[in-house]
Amino acid sequence: MATPTTLDALVRQKLRTWPQHPPGLADHDMGASGAWLRARPNATTDADPPYLKIPGTNRLRTIPDGLWLNFGGTAHDPFVDVFAIEACGSFSNLLDKRSRFAPSMHSLLAVCPLEWLMQPVSAANPMPRWRYTGLLRQAPLMPLMLPVRDLRVMYALRPRQYAGFVSTQIPHAHEFFAPIEALIGPEGWQHPTLRAFIARTSPRANFWDFGNLSAA
C-alpha cells in the first residue's frame, strides 16, 4: 500500500480500518431500529459511495472524510442517523466544513447509489447492503434517498488549531472536536478514550440511565 502524501489521505487510510459501526456506538443505536453501515471512506470496489445533499440540488454534495449511516424506521417511513468525521488541516478548512453542517432551515438527504447498495457489506459479510439496512423487502432498482433524522460530526484538528479552538469557541450541539492524533494514532479505533468519546455523540447520552433509579 502506498504511503499517504496528505493529511486527508492518511486519515482516510486509517478510517478504512474502522468497523461498520462507529467505535463506541455499537451498543448505542441512536434510537434507530436498523443497522449501521460505513459509507465512507469507500472500499476499493465502491464506484460511488453515499453522500449528503440538500433536497433539490444535483451539484452541491457534502462528502465527509468519514461517514456512517444508521438506517432506521420502516419501509414507509425510513430515515438515517449520521455520524461523520472531518479532518481539518487549517482554520479556513474547518470553517468551510463546519458551514456544510451548520443548522439551517434546509433538511439533509443521504443518497445511497444503487451500485453501492447492491455490493456486499464487507469482505467478511457477503450480504448485500440493501438487505442489511432492514428497510427494503426486495432489491432496489434506483438509488435510495433518505432524510437525515439526526446528525453528529467529529472534527479532527492539528494540535495548534485544536488548542486555539478549545480555548475560544463553543461548539454547536451536534459538533465534537478532537486532535488529529486521535484518528491516526497507532491504536486507531480501538483506543479506549476514542471509543468513549464517540459514545458521547449518541443521543442516548442525553437521557437519564442510572440503573434502579426511577422518577417518583
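User: Which residues lie nearest the centre of the largest pocket, and how many line it?

Analyst: Of its 20 lining residues, Arg100, Phe101, Ala102, Ser104 and Leu108 lie nearest the centre. The general idea is that rolling a probe the size of a water molecule over the atoms shows where empty space is left. Here a pocket is an open set of points on a 1 Å grid over the protein atoms alone, where a 1.4 Å probe fits, with protein on both sides within 12 Å along at least five of seven lines; lining residues have an atom within 4 Å of a point. Before we go on: this is a predicted model, with local features needing pLDDT of at least 70 and side-chain atom pairs pLDDT 80 or more, while totals for chains, interfaces and linings use all residues. Residues are numbered from 1 along each chain as its sequence is written, and side-chain values use heavy atoms, without hydrogens or water.

User: What is the volume of the largest pocket, and which elements each supply at least two residues of its lining?

Analyst: The volume is about 420 Å³, counted as the space filled by probe spheres set on the points. Strand S3 (61-62), helix H2 (91-100) and strand S9 (144-157) each supply at least two lining residues, and S9 gives the largest share, five. Helices (H or I, at least four residues) and strands (E, at least two) are DSSP runs numbered from the N terminus; the protein chain has seven helices and 10 strands.

User: Let's turn to helix faces. Which residues of H2 are buried?

Analyst: An α-helix has 3.6 residues a turn, so residues three or four places apart point the same way. In H2 the buried residues (under 20% relative accessible area, 1.4 Å probe, protein chains only) are Leu94, Lys97 and Arg98. Seen down the axis, these fall within an arc of 105°, so they line one face of H2; the arc is taken over the directions from the helix axis to the C-beta atoms. The face turned away carries Ser92 and Leu95, which are exposed (over 50%). Among the elements covering the buried residues of H2 are helix H1 (7-15), strand S5 (78-88) and S9.

User: And which residues of H1 are buried?

Analyst: Leu7, Val11 and Leu15 are the buried residues of H1. Their arc is 70°, so they too line one face of the helix. They pack against S1, strand S4 (66-73), S5 and helix H6 (181-184).

User: Is Arg38 buried or exposed?

Analyst: Arg38 counts as buried because its relative accessibility is 13%. This residue sits in strand S1 (residues 36-40). Its side chain reaches the backbone oxygen of Arg16 at 2.9 Å, and a polar atom of that side chain lies 2.8 Å from the backbone oxygen of Trp18. Beyond four places in sequence, the contacts of Arg38 (heavy atoms within 4.5 Å) include Leu15, Trp68 and Trp116.

User: Where is Pro41 found?

Analyst: Pro41 is in the loop between S1 and strand S2 (51-53). A cis peptide bond joins Arg40 to Pro41, with omega about 0°.

User: One last loop: what is Ser107 in contact with, leaving aside its neighbours within four places in sequence?

Analyst: Its partners are Lys53, Ile54 and Pro55. Ser107 and Lys53 are 54 residues apart in sequence, yet 8.7 Å apart C-alpha to C-alpha. Ser107 itself lies in the loop between H2 and strand S6 (109-112).

Methods
Polar contact = N/O pair within 3.5 Å; in protein donor to acceptor, adjacent residues only side chain to side chain.
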